[in-house]
Amino acid sequence: MEILLYVLGAAALVAGVAGVVLPVLPGSLLLVAGAVLVAWAGDFQRVGWGTVAVAAVLSVAIWAVDWLASVLGAKAFGASGWAVAGAGVGLLVGFFLGLPGIVLGPAVGAVAFEYARNPDVKRALKAGAGAFLGFVLGSAVKVALAFAVVGTVALALIW
């Protein structure tokens, strides 16, 4: 049973890392589940509740970055409140359209809302570029946080 739990925990951690960039997998939840399974395999002796708590906090941070990155990226490029709202709506709609929708949804939403507020194509495209850049930078942060979860569990296991 112990070996099975370690294997399932490792698989959940790997799937969790993949899930932070693939929209079909709940990456944050899989990372926490992997930490719990690995801890359970060792009766919470080497990997304890403290490590699981750190994994959970980092996973919540991944979730928060996922929701905020595009919106903050649009705002950083001087987008109006309309464009920021559009990036959020675009992200929400994009979730239902798979990977292309998640990647392009915030940018399209920011462009559409900014253009609807003020029909200035240049300003609208700048807002969309900010939303897209926010998505790309957010993805990099999410991957780094996912590896921090895996590293935390691995260190607890070998330390």
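Does F135 count as buried or exposed, and at what relative accessibility? At 16% relative accessibility, F135 counts as buried (under 20% relative accessible area with a 1.4 Å probe and protein chains only; exposed is over 50%, partly exposed in between).

A word on the model: it is predicted, with local features needing pLDDT of at least 70, side-chain atom pairs counting only at pLDDT 80 or more, and totals for chains, interfaces and linings using all residues. Residues are numbered from 1 along each chain as its sequence is written, and side-chain values use heavy atoms, leaving out hydrogens and water.

F135 lies in helix α6, and K142 is found in α6 too (helices are DSSP runs of H or I, at least four residues, numbered from the N terminus). Here are the two residues together, with contact meaning heavy atoms within 4.5 Å and neighbours within four places in sequence left aside.

| Residue | Relative accessibility | Contacts |
|---|---|---|
| F135 | 16% | A69, S70, I102 and V103 |
| K142 | 6% | V20, I62, V65 and D66 |

K142 also counts as buried. Its side chain makes a polar contact of 2.8 Å with the side chain of D66 (a pair of N or O atoms within 3.5 Å, where one must be able to donate a hydrogen and the other to accept it; residues adjacent in sequence count only if both atoms are side-chain atoms). The K142 side chain also reaches the backbone oxygen of V20 at 3.0 Å.

Note on methods: Helix = DSSP H or I, 4+ residues; strand = E, 2+ residues; numbered from the N terminus.
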